[in-house]
Amino acid sequence: MRKFIILIVGLVPLFMVAQTNSYQQAAGKDYWKNRKPFEGYWQQDVHYKIQAVINDTAETVTGTESLTYYNNSPDTLYTVYFHLYQNAFTPNSYAHNLAKAGKIKVTFGENEAKGIGTHITSFKVGGKDAEFSIDNTILIVKLQEPIYPSSSQVFDIQFETFWDKHDGGSLRRRMKTFEHDGVTHFDGVHWYPRICVYDRKFGWSTDQHLGKEFYGDFGLFEVELTFPNQYIVEATGELQNTIEVLPPALREAIDIKNYKTQRSDITKPIIADGTTKTWKYKAVNVHDFAFTADPTYRMAEVEWNGIKCIALAQEQNAHRWQQTAAYVAKIVELYSTEIGMFGYPKMVAADARDGMEYPMLTLNSGNWPGHQYVIAHEVGHNWFFGMVGNNETYRSSLDEGFTQWLTALSLKKLSNQDFDNNNLDKSVVFNSYMYHAAGDNNATLNVHADHYNSAERHGGGYGQVYFKTATMLYNLQYVLGDDLFKAAIQNYFEQWKYGHPYWEDFRNSVIHYTKADLNWFFDEWIETTQVIDYEVGKVKFEDDKSSVILKRKGRMQMPLDVEVIYKDGVKEMVYIPNTYFKKKNVGNVQSTWIGWDLLNTEYKLTVSDSRKIKQVTIDPSGRLADVYRLDNYLKKPQSFKFSKFQLPIENYANYTWYWHPNIWYNAVDGIKAGIDFNGHYYANKHVFKSTIWYNSGIGSRNGYSPSIPLSYSASYSNSLPNNLSWKVQSRVLDGLSWQQIGLKKEGNNATYRVYVKSLFRKNENDLNYLIYNNLWQKNRFNNTVNLSIEKHINVENGNAKLNIQTSGSYLVSDYNYAYLNMEFLRNFNLKKLDFRTRLFAQTGTGNFAPESKLMLAGANNEEMMDNPWMRSAGFAPASWEGYGVNFNHLHYGGGLNLRGFSGYAVTNGSEQNPFILYSGTSGFATNIEVDFTNLVPIKNKIKGIRFNSYLFGDAGWLKSSNLTTGFRADAGVGIASTLSFAKYNVIKPIAIRVDFPLFVNRIPAGEKDYFAFRYVLGISRAF
Ligand SMILES: [Zn+2]
């Protein structure tokens, strides 16, 4: 008898295995158990039934959820976890704390501020009330009865999830509502309690939601959405009651073809009557369910291969969504042919102010033709994320990078925009990766989506999840050849469709399919920050044979496609494999170049031909992600063009030279006609800048003539490893000879510079150029060594910067002095006021060059040499130049920056013993500007000009040997206009300001009132 009972109990699990569940039946041949990626693989099954009611005034969704969860793992589950994603957008959530740690100011909407995301009103396990705990976005249930392998459990949950009105707070929240045309739009995403994934790699994935990615189990979703009657709804899955909610007459009325032209008013095909409609959806083999609803949605539908491709546009945009449904159909066709057949009955692109993917539903922004990019991307996610359901939170590169690669594919093949194909690959895929990698900022792909330096959104290198991964795929294509690559990707998709792959699964899939040794490739690309960098070395001609030395400078290895052009014009393609795998159709196969890191960094390519070589090119296709392509050629490629006064587009294919005319003026040289001639290569390599002027003397001030007929300014800088760069500059301009050489290091939010600088003016005429010509001595070398630190500091509500500089006389200087100064700048806003504050202190000693002294009123002559308007006289009236017994009207920010004292040779001391002191060696100052432009906006219709109005105050104290100015202060009101030149961005924005220092605390002998009308004109903001 006892044995018999044991036998029956033992049969129960077997019996359950034999049973098929509703999801298995619905999924049929696509059910994962019928197409396991490998023997022994398992994943869990879910069957969600949700009835949800949307309240469009309270902006809530109230739901009854019944989840049947099938444990297909070999493990017994004692605890289960659920995601409550919307709790991430409440005060003191993990996401909020991360933002705070990054000094990002966070605001919350009305409901968010109350801490409401998803509220659980009832939670039952197997029909019995269950106790649960919530840790922000994770709900934890300790089960009374465990879930055994091959058994299932039912969870019944009542919940309410809150949207936030008026777009909510500042954390990027995809579940949103917004108002337009007098209606409310709803995006319902990540809205229901979703069970965490228990998978064969990690067991439970219980990541807190920090605003980035998601992960879910495949299964069956049966969802009913009850909306007020006027809403048009779309969602994941097939609509089950079309006749009831979207009868033919209504469908016809909202058809997008009726909205080809924009109308001034919004039509109302359905009048809100206080009733509701329930939209019933069923989705098979998906891992999430989302919806979107809008009373003004207008619809288009194009079918491809039985798949409904739907575009949904808000009525106001419908005239610009006429082609979108056909475009979606073309994308579905393209990806189905290139990657693998789309597995669902429909694909929707909705006009929903977002750029986000859900199974069968994409939420987009923009209009035709501009929205082709976002739609190509989000629809692409239905292949990588939707069908191939990787753990996005853990490794978002597997969906974002693959989708980015698809985006480039479809834009190239389908877009009606006039893209140069080669440039499209660059802009959509290569550019960002190359820029980061060439600039020593490469990111590793095998990293948790939330662990990229704890950055928000796409910061901290997270963007490389898209671009480096897509570049990796182009380079895999380069290694394997087009056909084998395509077949391997199709095989991976087919193998992992409706499964949960990780990076190792992709690697294994490609390696086993291609039978190529690719571990070196995946190791380098996925696990390291190594880069590719090859070089064409010397060409030789000996024993009637031409040969060329190829060098590997990067730590990454790759096979090489090399094009050789002979002097007689004949071209030859050669292929140098790096393993025993050889790709097909690539020209003459050479011996294998085995080597990595220090092993075999050179390879001698002997071309068996008696002809001499003209050009050698490594990878003429441009697909190899070589971070320095200039030396991939024997003769380096260059382009030369007129700049159109625009900064050149970054181009890693060749060195770009660009030029434009330059015309300037000063009081001594008169009109200076010149030319700017600049060159640079990608990511700040070999940056050459120069200008040469002819000093015509035309229009020069009476009695003045140019010191020399030609003047110039030139600099060259180049980046070095470890974010270092070096720079040399030389200038003989406006009477000044300026020579400088130094090093720069860019660190985390900080820039460090060390440089040696030499300033020299030869004769009297060279001093005539100066606005303050008594503050420079002719025929004296002012040579210094300088060290500076510039550090950006994140502060709440604004930003701050700390500058530290120390300089000292050096080498054969005619002076002997040293100083250390510190400047702390902080900008922040309170309500509608913007505060700009500055603290400055300097201590100095020795025999100072007059041009380098610390000035009470503003910049010294040395600082003024940085600004073309201030480095020489000519733009301001001559009467504003020099220092005199009264306040004057010209100001350039710097020094102690007491603008009220501009041009005034400050007197101090007793009546018996007066002295003049406006430049010194030590001092301190504080400056403040309170910008009230937002309170009293200045009406302005001129494009490119911005006005700012502000109150200011300056206070400070200056010392020179044993003399001081005493405490000095000024205050007043100012107005600044900043002129920027939009696309002509080689011309820097110019700020012109007028400050009215109505109050000064000490006045010259001639003046009576501390309060008086005074003005100074300045170029650039005061600080
Ligand atoms: Zn994406």
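**Entry 1: R623**

I started with R623 and found it in the loop between strand 30 (613-618) and strand 31 (638-642). The model is predicted, and I read each entry with that in mind. I then looked up what R623 touches, leaving aside its neighbours within four places in sequence: the list is F430, Y474, N475, Q477, Y478 and D482. I took Q477 from that list and checked its place in the chain: Q477 and R623 are 146 residues apart in sequence, and their C-alpha atoms are separated by 8.7 Å.

**Entry 2: the chain as a whole**

I next noted the overall figures. I count 16 helices and 53 strands in the protein chain. The box filled by its C-alpha atoms, taken along the principal axes, is roughly 125 × 85 × 65 Å. The chain has 1023 residues, and 55% of them are buried. For contacts with a separation of 6 or more, I found that 66% join residues 24 or more positions apart.

**Entry 3: nonpolar cores**

I asked which residues of the largest nonpolar core touch the most other members. They are F155, W191, L225, W383, F506 and L550, in a core of 193 residues. Helix 11 (residues 464-480) gives the most to this core, with eleven residues. Apart from this core I noted another, of 37 residues, with L767, L775, A905 and L958 among them.

I followed W383 further, again leaving aside neighbours within four places in sequence. W383 is in contact with V332, Y335, S336, I339, G340, F342, V388, L406 and F493.

**Entry 4: helix 8 and helix 9**

L406, a contact of W383, led me to the packing of helix 8 on helix 9. Helix 8 covers residues 372-380 and helix 9 covers residues 397-414. Their axes lie 8 Å apart, and the packing angle is about 130°. I therefore entered helix 8 as oblique to helix 9, since an angle over 115 but not over 145 degrees falls in that class. The crossing of helix 8 past helix 9 is right-handed.

Which residues make the contact? From helix 8 I listed Q372, Y373, A376, H377 and G380. From helix 9 I listed E400, T403, Q404, L406, T407, S410, L411 and L414. Sorted by class, the contact of helix 8 with helix 9 has five nonpolar, seven polar and one charged residues. L406 thus appears in my notes twice, as a contact of W383 and as part of the helix 9 side of this packing.

Definitions and conventions: Residues numbered from 1 in each chain as written. Predicted model: local features only at pLDDT ≥ 70, side-chain atom pairs only at ≥ 80, totals over all residues. Heavy atoms only, no water. Axes fitted to C-alpha atoms, helices over the stretch in contact; angles between N-to-C directions. Helix = DSSP H or I, 4+ residues; strand = E, 2+ residues; numbered from the N terminus. Parallel < 35°, antiparallel > 145°, perpendicular 65-115°, else oblique. Left-handed = near helix turned anticlockwise from the far one by under 90°. Contact = heavy atoms within 4.5 Å. Nonpolar A, V, L, I, M, F, W, Y, C, P; charged D, E, K, R; others polar. Core = buried A, V, L, I, M, F, W, Y, C linked by side-chain atoms within 4.5 Å. Buried < 20%, exposed > 50% of the residue type's maximum accessible area, 1.4 Å probe, protein only.
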